[in-house]
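Grab a pencil and work through a few exercises on strands, rings and charges. Try each task before you read the solution under it.

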Amino acid sequence: IVANSLTTASDQGTFIRGANQVGSFSGTNYSGNGVIFYDAMPALDVTGIWNNAYGGNVYVFNSGDVNVSGNVSAANGGNLSLIAGGNLLIGNPSTGISVTDGFDWTNTGNMTLSGANIGILGGSGSYGTFIGLWGSGTQQVTTPGNLTIAATGSPNGAAYLGANDSATQSISVGGTLALNGGDGTFNIATIQQSGIGAQDVSAGSILLSGGEGASSSASIVQSGAGNQTVAASGAIVASAGGNSSNGSFNNAYITDSGSGLQSVSANSISLMGGGGTSGASNTAGIYLANAGGTQSVTVNGGGSISISGGSGTGGANFAQIYSQSGGPQSINFTSGGAINLTSGTGAIVSTGPTSNFARIEATAGDQSITGTPSITIQGGTGGGTSTTAGVNLGNFAFIRADAGLQSIDADAISPPPGAPG
């Protein structure tokens, strides 16, 4: 088939194979089978696919780029695959779109997204770009290049990649995985597993950047009962936003709020609070929020953990590795390395919720640091005295186990414990 655009409607399935030359494709199928389309163009625009057949698959392959600008749905249990020999781009700058497979736990279909590079871009208007898998299948996102998830619309122009129920979420990126919060309000960029399935994210490097608006965060989240594994062969960098905008709640996080194991590993980890001149509550970190899980952070290759507080005078522009679990928090260096904690700056206003601190803290469980890293802890400048409620607004830095045992195997600690710094 050679055409600028092709639209199909079927009752028992659409199967179009071969080296077609179609610039734009949309398809609808009501029952029986699925929607299968092969193309051989430099670029294919998918403007919409809806398959209502039980167990029917949606499969799109193009030897060049695939641009998804409309809704794609395998509503009743089939597999959904979008495969590009070139780049795969999902999103429409003019409106929000969704790419969904199944709507309940009975779905056993899989979702596959693959391309030389993959971009997921939020739209404009009341919602952004939503990609979701329900059921017990696997969401497999694979690229040898880069995966960029960016909240580009305003307002509410989110970019969301999610797996639910018992679905496994597996994301493999050869290059850089970048999540970028937007410049508007609630312009979030998120990878999330929200059921009992596992979340496994690996990349050459991982960059999370909070936005420059309000509540425009970048995050990797496990909110269910499954384990969370986030691994980079290079660096993990999480930078809170609100810097040029002096905004608030523009966070950058790897978070496990479920009940499983949180495991994060990289050759280096950098966590930086934001806030610009007067912003508030722009935070970054690795956070275990569940009550019964364990938190494991591993640094390979002699690398470092660097945690720096932010600068906004509104306060609470902090950075942290933080566990609220009763399980252990372990930080391991496989080949030596360094931990550098530097508190933030800024004269915090008296109404600020807290200071611009830097911390590694376990509130309930045991805490261990192994592998003999050097440790440098430096308090910041500015700060404040206390709020009317007695909250300390000094820009401080610390490593602490509040209730459990603390074990630190370090090469050197500067300043020495108990010394001012």
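The exercises below go from one strand to ring pairs and then to a set of charged side chains.

Some ground rules: this is a predicted model, where local features need pLDDT of at least 70, side-chain atom pairs count only at pLDDT 80 or more, and totals for chains, interfaces and linings use all residues. Residues are numbered from 1 along each chain as its sequence is written, and side-chain values use heavy atoms, with hydrogens and water left out.

**Exercise 1. Work out how strand β17 is covered and which strands pair with β17.**

Step 1: find the strand. Helices (H or I, at least four residues) and strands (E, at least two) are DSSP runs, numbered from the N terminus. β17 spans residues 159-163.

Step 2: check burial. Buried means under 20% relative accessible area, exposed over 50%, and partly exposed in between (1.4 Å probe, protein chains only). Five of the five residues in β17 come out buried. A159, L161 and A163 point one way, Y160 and G162 the other, and all are buried.

Step 3: look for partners. Two strands pair if DSSP finds at least two bridges between them. Strand β14 (residues 129-133) runs parallel to β17, joined by five bridges, with T129 opposite A159. Strand β19 (residues 189-193) also pairs with β17 in the parallel sense, over five bridges; there, Q193 is the bridge partner of A163.

**Exercise 2. Classify the ring pair of Y38 and F61, then do the one formed by F130 and W134.**

Step 1: set the rule. Rings of Phe, Tyr and Trp (its six-membered ring) pair if their centres lie within 6.5 Å; planes under 30 degrees apart count as stacked, over 60 as edge-to-face and the rest as tilted. A search of the whole structure turns up eleven aromatic pairs.

Step 2: apply it to Y38 and F61. Their centres are 6.0 Å apart and their planes meet at 50°, so call this pair tilted. Y38 sits in strand β4 (residues 35-39) and F61 in strand β6 (residues 58-62), 23 residues apart, so to speak a link between distant parts of the chain. Y38 has a relative accessible area of 24% and is partly exposed; F61, at 26%, is partly exposed too.

Step 3: now F130 and W134. The centres are 6.0 Å apart with planes at 35°, so this pair is tilted as well. F130 is partly exposed at 29% relative accessibility, whereas W134 counts as buried at 18%.

**Exercise 3. Trace which residues the salt bridges join into one network.**

Step 1: count. A salt bridge is a side-chain nitrogen of Lys or Arg within 4 Å of a carboxyl oxygen of Asp or Glu. The structure holds three of them.

Step 2: follow the contacts.
- R359 to E361: closest N and O atoms 2.9 Å apart, with both residues buried.
- E361 to R400: closest N and O atoms 3.0 Å apart. E361 lies in strand β33 (residues 358-362) and R400 in strand β36 (residues 397-401), so this pair ties together parts 39 residues apart in sequence.
- D402 to R400: closest N and O atoms 2.9 Å apart.

Step 3: compare exposure. E361 is buried, with a relative accessible area of 2%. R400 is partly exposed at 38%, and D402 is partly exposed at 39%.

Step 4: put it together. Shared partners join R359, E361, R400 and D402 into one network.
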